[in-house]
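Please walk me through this model in the viewer, one selection at a time. I would like to know what to pick next and what is there.

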Amino acid sequence: MPKVLIIGAGGVGTVGAHKCAQLSNVFTDVAIASRTKSKCDHIAASVKQKTGQDVETYELDADDVPQTIALIEKTKPDVVLNLALPFQDLSIMDACLATKVDYLDTACYEPRDESHFEYSWQWVYQDRYADAGIMALLGCGFDPGAINVFCAYAAKHLFDEIHTIDLVDCNAGNHGKHFATNFNTEVNIREITQDARYWDRGKWITIAPLSRHVQFDYPNIGARASYLMYHEELESLVKFLSPVGLQRIRFWMTFSPSYLTHLRVLVNVGMTRIDEVDYAGRRIVPLQFLQAVLPEPAGLGKGYEGITCIGAVIQGVKDGRRACKMIYNNCDHAKAFDETGAQAVSYTTGVPAMLGAKLMLQNTWRRPGVFNVEQLDPDPFLADMTKHGLPWHIVDWSQPIDDTAIVDHGPMGGDV
Ligand code: NDP
C-alpha cells in the first residue's frame, strides 16, 4: 500500500497532493504536513471535492528533525516529498535517513543567512543514503527537474555531442496583481537578486544580477526580454553533461518592465535584505516581512490568464552534422487552476515531483544513493509527462541564442 508524505502546503504542495490523489493506484495513501495545519486541511478538502480521495493532514515544523522523524514513524510513508522550502532540505534528509525512507525535493539546499545555493551540501549524503539502501532524488520540479530530463533525453537520443545549452523560462501570464512572486517570495527574491553566473569552457563567469538580457522568441508566446540568472540546475548539468562535450550553459528568465521597476525599488529601499533589523523592539528580516504582505503563490490561481514556456535550446553534433533543437513545454494557468486550484508555476513544479515519486515507487528510477534527475533514464519520465498534464515538444531551432543580440546594462534590469 504505497504511501506518500508531502511536506509543505503552499502552491507546489497543493498541486503535489492533487496529482498524487489522482493516481490512487500508485499512491494508495496521501498525507500532507506543514507549518500551518489549516492550509493542509484546505488542500485535503479541495482534493476530496475534486477526486473523492482522503488526504491525512498534520502540523509539522520540518526544521525540527526529531519532530519530522516522529511524524514519519507515525505516518509510515514509502516516500517523502519535500515541497516546503530549500531551508528544510537537510533536516528532512536527516529525518529520512534516520527512518530509512526515500526522499525527493524540487529545490537545492540553501542556508538561511546566505543567498547561496549549491548541491554539495546534499551530494555529501551519497554514501549514507547508499549504505542505508534509500534514495534521495534532488531537484525534481520543472527547472530544476523536467528541464534536466530534456537535456538527458537530448544526450541519449538527439546528439552525439552537446556543445551549448540555453535554458529559457518564460511566464507570459497575468495574475492581475501589481507585484507578486509565482513561488515562495523569500526563495524567489533571494535567487533573483544574487549575482548572475553562467559556465563557459570550464569557467564560471559572474556578472551583476539581472544586468544582461536578450530577446528570445518563445513558442506560442513570441519574443520576450529574458535575463541571465544563476540557477541550480547549471551546477548539476555541468557535472553530468561535461562528458558529452558541454562547452557552455546559461539560464534565462523573463521579467516584465513593471516587475523589474518594483524589484529595483524594493532592493533600493532595503526591503529585500535577509539580515535582521530592529523594528519596534523586535528583530525582523525585511524580506520575510515583505513576504507577509505580498500575495501567497498558492492564492494567485483564480483569474490567472496566459501561459508559461520552459525549455532547453541545445546545440551539438549528430552523425557528424551540426544540429540545434529546442525541447519545451507550454502550460496554461487557467487550466492548471481548474484542475488543481493552483497556477501554472506551481503546476509545472508539482507534476514532475509526483512523476519522480511515481517512478521511485514503481522501482523504475529507484536506486540507493543521492541522484539528480539527469542521471536517470529520461524515457519513462517523458512517457508520463504528457499523460499527466505537461505535454512536451521537440522542434528544430535555427540557432542558439545570438550573442550579438545580447544587451548589457545596470543591475535589476536598470537602464534598459
Ligand atoms: P509556498 O511559500 O507557497 O509554500 C511553502 C510551504 O512550505 C508553506 O506552506 C510553508 O508553510 C511551508 N513551510 C515553510 N517552512 C516550513 C517548515 N519549517 N516546516 C513545515 N512547512 C514549512 O512555496 P511554493 O509552494 O511556491 O514552493 C515550494 C518549493 O518549491 C520551494 O522550495 C520552491 O523553491 C520550489 N520550487 C521549485 C521549482 C522548480 O521548478 N524546481 C519552481 C517553483 C518552486 P506556511 O504556509 O505556514 O508558511
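The tour below goes from the domains to their contact and then to the ligand.

This is a predicted model.

**Domains.** Select 3-142 together with 342-385 and colour this set as domain 1. Then select 147-338 with 393-413, which the domain assignment gives as domain 2. The C-alpha centres of domain 1 and domain 2 are 23 Å apart.

**Contact between the domains.** Next, select the residues where domain 1 and domain 2 touch: domain 1 contributes 28 residues and domain 2 contributes 37 residues. On the domain 1 side, show H1, H13 and helix H14 (378-385), the elements that each give two or more residues to the side touching domain 2. H13 gives the most to that side, with five residues. Colour the domain 1 side by residue class: 16 residues are nonpolar, ten are polar and two are charged.

**Ligand shell.** Now move to the ligand and select the 36 residues that surround it. Label Gly-10, Ala-62, Gly-141, Phe-183 and Asn-184, which are the closest. With the domain colours still on, the shell shows at least three residues from domain 1 and at least three from domain 2.

Which helices each supply at least two residues of this shell? Select helix H1 (11-22) and helix H13 (344-361). H1 and H13 were also shown on the side of domain 1 that touches domain 2.

**Shell composition.** Last, colour the shell around the ligand by class: 17 residues are nonpolar, 13 are polar and six are charged.

Methods. Residues are numbered from 1 along each chain as its sequence is written. This is a predicted model: local features need pLDDT of at least 70, side-chain atom pairs count only at pLDDT 80 or more; totals for chains, interfaces and linings use all residues. A residue is near a molecule or strand if its C-beta atom, placed from the backbone, lies within 6 Å of it. Helices (H or I, at least four residues) and strands (E, at least two) are DSSP runs, numbered from the N terminus. Ala, Val, Leu, Ile, Met, Phe, Trp, Tyr, Cys and Pro count as nonpolar, Asp, Glu, Lys and Arg as charged, and the others, Gly among them, as polar. Domain bounds come from an automatic or database domain assignment. Two residues are in contact if their C-beta atoms, placed from the backbone, lie within 7 Å.
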